[in-house]
Structures are given as structure tokens and as C-alpha cells.
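User: I should like to learn how to read individual features of a structural model. Could we work through one together?

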Amino acid sequence: MSGTLVLVRHGQSEWNLKNLFTGWRDPGLTELGHSEAKAAGQRLKAKGLHFDIAYTSVLSRAQVTLQHILDEVGQPGLETIRNQALNERDYGDLSGLNKDDARAKWGEDQVHIWRRSYDVPPPGGESLRDTGARVWPYYLHDVQPHVLRGETVLVAAHGNSLRALIMALEGLTSEEIIAQELATGVPIIYTLNADSTVASKEILTA
Ligand SMILES: O=C(O)[C@@H](CO)OP(=O)(O)O
């Protein structure tokens with residue numbers, strides 16, 4: 001076995017609460033989102049995890065979530081790399097629209113296809129496949145080498161950028177990924193084998 005990879009979706013954002021498509025827009029965390037992030041850090045601390053490096057997106061909800069976690073585990077100054085490759089899937093023209101209003105306008109089925117299909121992009125935005133095409137190479141080139149060296153790596157990112165990563169990590173099909181929903185502020189702990197396949201997975205729910 002080699003190292004440990006912890007993935008965490010940011011805590012609830014203002015736009016999650018308002019039910020708006022977010023994508024690359026940059027709302028902050030709600031009060032609940034801040035406490036979810038702190039609770040995630042406490043649960044990681046209780047597991048005795050000590051991180052060697054952290055990665056996040058260039059969006060503040062993920063960065064603030066990461067900082068709460070690092071504060072809670074007692075590593076507030078840990079080396080942190082921020083990269084756009086880990087950003088949320090770009091929702092294009094849907095960004096900023098209310099999800100119920102979108103269902104009323106385009107229909108439930110079309111909106112579900114835009115939200116959860118693998119390869120149908122929302123107008124002007126990215127499909128999950130498009131998102132994976134930037135997340136996975138970044139993971140392979142920048143993140144995975146640390147894990148394979150035996151380090152413990154934290155990645156704080158977004159619902160769909162992490163779904164794309166998990167799909168490739170676990171070898172899920174485009175059918176299987178549809179049902180995968182990530183809760184806000186719930187860490188997923190993977191250990192990897194030396195050949196980079198997943199050795200174990202634990203979801204740290206409250
Ligand atoms: O709005 C978004 O950017 C994402 C994540 O909150 O939404 P969805 O659940 O539709 O993928």
C-alpha cells in the first residue's frame with residue numbers, strides 16, 4: 001500500500017442554499033457551510049490524519065473549507081496549491097439561474113441530463129467528461145505522485161470536479177457516476193496501492 005488521498009467537497013455555499021447553479025461563480029459559505037467544514041476537520045483530526053500537502057481550486061468556497069480543515073487539524077500553514085483545474089464544472093449559461101426555474105423552463109428531464117449526464121454539456125458549459133478532461137490529468141501529474149510516495153494528501157474541491165475524479169479513480173462507468181452524489185463537507189479517505197489503484201475507501205460521515 002502507498003499513501004492516503006482525502007477528498008472533500010466544500011461546505012454549503014450561499015448559492016447551494018439559494019438553489020442556484022454555481023459552476024465557476026464564487027459565492028461564499030453559509031454559516032452551516034462554515035460549521036460543516038470545521039466538523040470535517042474535527043473528524044479528520046479524530047482519525048489521526050496529518051497532511052503533507054493540500055490542493056484546492058481557485059474558488060473561495062473550496063479554499064475557505066480547506067482552511068477550516070487545516071485549522072482544525074492543527075496545520076494552518078500547510079503548503080497549499082491552488083489550481084483552476086480543480087474548479088467546479090463550468091455551468092455555462094445556467095450559472096446563476098435557479099434550478100427550479102430552469103426545470104420550469106426546460107423540463108425536469110433536460111435539467112437532469114445537464115446536471116448528471118456524463119457527456120451532455122449545459123449550454124455554453126462543460127459536461128462531466130469535459131471536467132474530467134482537466135481534473136484527471138492534473139491529478140495524475142501533480143497530486144498522485146505525492147500519494148504514491150506515501151504521503152497524505154488533502155484535496156478540497158467541488159461536487160462535480162470531485163465526481164469526475166472519483167469516476168476515474170474508481171473506474172466507474174458513465175452510468176455508475178450518475179448516481180454518485182457528494183455531500184457537502186464529508187471527507188472521503190482513500191488509500192492507494194503502489195500501482196495507483198484504490199486499496200480502501202472510507203466516507204467520514206458525522
Ligand atoms: O451548482 C453547481 O455548481 C453544482 C454543485 O452545487 O450543482 P449540481 O448539483 O447541479 O451539480
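**Reading a pocket and its surroundings**

Analyst: Let us begin with the lining of the largest pocket, to which H7 gives the most, with three residues. Please keep in mind throughout that this is a predicted model.

User: How is empty space found in general, and how much space lies in the largest pocket here?

Analyst: Rolling a probe the size of a water molecule over the atoms shows where empty space is left. In this model, the largest pocket holds about 290 Å³ of space.

User: Which residues lie nearest the centre of that pocket?

Analyst: Of the 19 residues in its lining, Arg9, Asn16, Lys99, Arg115 and Arg116 lie nearest the centre. At least two lining residues come from each of helix H1 (14-17), helix H5 (108-116) and H7.

User: What is the lining of the largest pocket made of by class?

Analyst: Eight of the lining residues are charged, eight are polar and three are nonpolar.

User: Let us turn to H7. What span does H7 reach from its first C-alpha to its last?

Analyst: One compares the end-to-end span with the value expected at 1.5 Å a residue. For H7, with twelve residues, the span is 16 Å, close to the expected 16 Å.

User: How many residues of H7 are buried, and against which elements do they pack?

Analyst: H7 is mostly covered, with ten of its twelve residues buried. Among them are Leu162, Leu165, Ile166, Met167 and Leu169, and also Arg163. The buried residues of H7 pack against S1, H5, H6, S4, S5 and strand S6 (198-203). After the helix comes Gly171, with a positive phi near 65 degrees.

User: What does the same comparison of spans give for helix H6?

Analyst: Helix H6 (residues 128-148) spans only 26 Å between its end C-alpha atoms, whereas a straight helix of 21 residues would span 30 Å. A bend is the next feature to look for, and H6 bends by about 45 degrees at Leu140.

User: Which residues of H6 are buried, and what do they pack against?

Analyst: The buried set of H6 includes Leu128, Val135, Tyr138, Tyr139, Val143 and Val147, together with Arg134 and His146. Their partners are strands S1 (4-9), S2 (53-56), S3 (80-82), S4 (152-157) and S5 (188-192), along with helix H7 (159-170). Gly150 follows H6 and has a positive phi near 95 degrees.

User: Which residues other than glycine have a positive phi, and where are they placed?

Analyst: One reads the sign of phi together with the residue type. Asn19, in the loop between H1 and helix H2 (31-46), has a phi near 65 degrees. Ser196, in the loop between S5 and S6, has a positive phi of about 80 degrees.

User: Why do Asn19 and Ser196 count as partly exposed?

Analyst: The reason is relative accessibility: partly exposed residues fall between 20% and 50%. Asn19 counts as partly exposed because its value is 25%, and Ser196 because its value is 23%.

User: Finally, what does Asn83 touch beyond its neighbours in sequence?

Analyst: Leaving out residues up to four places away in sequence, Asn83 touches Thr56, Ser57, Val58 and Tyr138. Asn83 sits in the loop between S3 and helix H4 (99-106) and, at 27% relative accessibility, counts as partly exposed. Its C-alpha atom is separated by 7.6 Å from that of Tyr55, 28 residues apart along the chain.

Definitions and conventions:
Residues numbered from 1 in each chain as written. Predicted model: local features only at pLDDT ≥ 70, side-chain atom pairs only at ≥ 80, totals over all residues. Heavy atoms only, no water. Helix = DSSP H or I, 4+ residues; strand = E, 2+ residues; numbered from the N terminus. Expected span 1.5 Å × (residues − 1). Bend = angle between axes of the 7 residues up to and from the residue. Buried < 20%, exposed > 50% of the residue type's maximum accessible area, 1.4 Å probe, protein only. Contact = heavy atoms within 4.5 Å. 1 Å grid on protein atoms, 1.4 Å probe; cavity = no way out; pocket = protein on both sides within 12 Å on 5 of 7 lines; lining within 4 Å. Points joined across faces, edges and corners; volume = space filled by probe spheres on them. Nonpolar A, V, L, I, M, F, W, Y, C, P; charged D, E, K, R; others polar.
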